[in-house]
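Grab a viewer and work through these exercises one at a time. Try each task yourself before you read its solution.

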Amino acid sequence: MNRFLILLVAFFTCFNAVPCTSAIVSGRFTVNGRPILWKHRDTSDLNNKVERIESESGFDYVALFNQSDTLREQAWIGFNEVGFAIMNTASYNLKADSVKEMDKEGLVMAKALETCRTVDDFESFLNREQKPLGVEANFGVIDANGSAAYFETCNFDFKRIDVDSVIVRTNYSHTGRVDEGYGYIREATAELLLKPFIDARLLSPSVFTEILSRSFYHSLMGQDFALCGLEYIVDRDFIPRRISSASVAIEGVTPSDNPLMTTMWSVLGYPPCGVVRPVWIFEGGIPKEVVSTKGELAPDVKNANKLKEQVFDFSRDNGNNYLRIGKLFKNDGTGISQINNRKSIDNYKSGYEILKREFAK
């Protein structure tokens with residue numbers, strides 16, 4: 001009986017863990033010198049929206065919110081009008097205290113977006129905030145001056161890791177307890193997929209939303225299941241997961257750019273079934289497809305959810321664990337993910353054209 005209880009507790013601990021995969025890229029490794037902040041979001045709240053917040057006392061900002069967050073209190077990735085951007089992944093190997101009131105990462109990030117201009121500002125922000133913070137997370141931040149860093153943060157302390165290359169973080173902290181936490185396989189997968197782009201210094205937001213967030217390569221097994229010839233596979237330890245709700249790559253600016261050029265390339269819904277949209281903070285910069293109107297789901301979320309039903313269509317037994325890979329990828333290129341990938345590439349092209357016109361004025 002004791003062994004059974006231990007296994008049961010372990011199962012639910014793993015089940016309730018909220019995983020994400022993320023990366024920070026220095027401008028030295030991108031095609032245009034602009035840094036990238038990426039978050040592939042996994043969560044229990046699968047419906048997201050994008051909104052602009054107009055601050056009365058600080059900076060205006062744009063962020064990804066849960067659909068259910070009607071007060072827009074918790075930002076899960078976003079950027080502000082001066083080019084500061086932030087995201088997080090949950091960590092599970094830092095906490096060493098008895099604090100029970102946790103999961104305040106979204107509140108922390110919303111406040112940081114309203115008050116911080118630089119990476120150094122965020123460090124000062126963490127130092128002065130009342131403790132305990134109610135967080136256990138890897139916060140990733142970039143600013144318009146070219147600085148970038150991860151802050152591996154818990155209730156009473158944090159460690160700053162400056163980024164001058166490319167760093168991936170999943171659901172453990174490298175300064176935390178060894179071999180605890182989650183996401184080791186996903187982290188290895190992301191690093192492997194990124195390596196040729198890092199070596200060539202040709203990273204762009206599309207590498208993250210269109211390659212990593214649509215990839216079914218499994219680094220432990222050394223196999224890409226996208227075109228494996230199977231109709232169903234087990235949905236385990238890939239970057240995209242059944243509980244993936246968005247893939248967002250914030251493309252920052254160089255020190256000589258206007259901070260309003262900061263672009264949040266956003267895929268809402270299950271990323272292999274989604275389409276990317278460019279989001280900006282300037283007037284007219286948020287496309288209607290990512291906005292929730294009158295409490296309705298954002299159109300991109302609705303569309304992705306419908307397509308996702310075709311991918312997770314096995315309802316008997318442990319059906320949620322099985323993914324119909326044959327719907328996402330086909331040898332003739334007509335799979336759901338392949339079609340939406342082509343739409344996304346077109347949206348990247350038109351997005352950069354809009355940026356060019358907007359800032360050529």
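**Exercise 1.** Which side chain meets that of Glu-210 in a salt bridge? Once you have the partner, work out how each of the two residues is classed by accessibility.

*Solution.* Keep in mind that this is a predicted model. Start at Glu-210: its side chain meets that of Arg-214, with 2.8 Å from N to O. Next, check the accessibility. The cut-off for buried is under 20% relative accessible area. Glu-210 has 7%, so it is buried. Arg-214 has 5%, so it is buried too.

**Exercise 2.** Take two more salt bridges, Glu-152 with Arg-169 and Asp-157 with Lys-159, and sort their residues into buried or partly exposed.

*Solution.* First, the pair of Glu-152 and Arg-169: the closest N and O atoms are 2.8 Å apart. This one links distant parts of the chain, as Glu-152 sits in strand E8 and Arg-169 in strand E10, 17 residues apart. With a relative accessible area of 2%, Glu-152 is buried. Arg-169 comes in at 6% and counts as buried as well.

Now the pair of Asp-157 and Lys-159, with 3.3 Å from N to O. Asp-157 has a relative accessible area of 44%, which makes it partly exposed. Lys-159, at 42%, counts as partly exposed too.

To finish, put these in context: a search of the whole structure turns up 23 salt bridges. Some residues join up further, with Asp-120, Glu-123, Arg-160 and Asp-162 linked in a network.

**Exercise 3.** Trace the open sheet of seven strands and say which strands form its edges.

*Solution.* Walk across the sheet: the order is E3-E4-E5-E6-E7-E8-E9, and the pairing is antiparallel. At the ends you meet the edge strands, E3 (48-53) and E9 (158-162), each pairing on one side only. Neighbouring strands are turned by 20° against each other on average, direction ignored.

Then zoom in on the E9 end. Strand E8 (residues 148-153) is joined to E9 by five bridges. Ala-149 has Asp-162 in E9 as its bridge partner. That Asp-162 also belongs to the salt-bridge network from Exercise 2.

Last, look for a helix: H2 (residues 105-115) lies across E4, E5, E6 and E7, running at about 170° to E6.

**Exercise 4.** Describe strand E5 (residues 77-80): which way do its residues point, and what pairs with it?

*Solution.* Side chains come first. Ile-77 and Phe-79 point one way, Gly-78 and Asn-80 the other, and all are buried. Now the neighbours. Three bridges join E5 to E4 (residues 61-66), antiparallel, and here Tyr-61 stands opposite Asn-80. Another three bridges join E5 to E6 (residues 85-90), again antiparallel, with Ile-77 opposite Met-87. Finally, inspect the hairpin of E5 and E6: there are four residues between the strands, and Gly-83 takes a positive phi near 90°.

**Exercise 5.** Do the same for the open sheet of six strands, then find the helix that lies across E1 and E10.

*Solution.* The order is E10-E1-E2-E14-E15-E16, with antiparallel pairing. Its edges are E10 (166-169) and E16 (276-279), and the twist averages 15° from one strand to the next. At the E10 edge, E1 (residues 20-25) pairs with E10 over four bridges, and Val-25 stands opposite Val-166. The helix you want is H4 (residues 184-200), which runs at about 160° to E10.

Technical notes: Residues are numbered from 1 along each chain as its sequence is written. This is a predicted model: local features need pLDDT of at least 70, side-chain atom pairs count only at pLDDT 80 or more; totals for chains, interfaces and linings use all residues. Side-chain values use heavy atoms; hydrogens and water are left out. Buried means under 20% relative accessible area, exposed over 50%, partly exposed in between (1.4 Å probe, protein chains only). Helices (H or I, at least four residues) and strands (E, at least two) are DSSP runs, numbered from the N terminus. Two strands pair if DSSP finds at least two bridges between them. Axes are lines fitted to C-alpha atoms, for helices over the stretch in contact, and angles run from 0 to 180 degrees between N-to-C directions. Contact means heavy atoms within 4.5 Å. A salt bridge is a side-chain nitrogen of Lys or Arg within 4 Å of a carboxyl oxygen of Asp or Glu.
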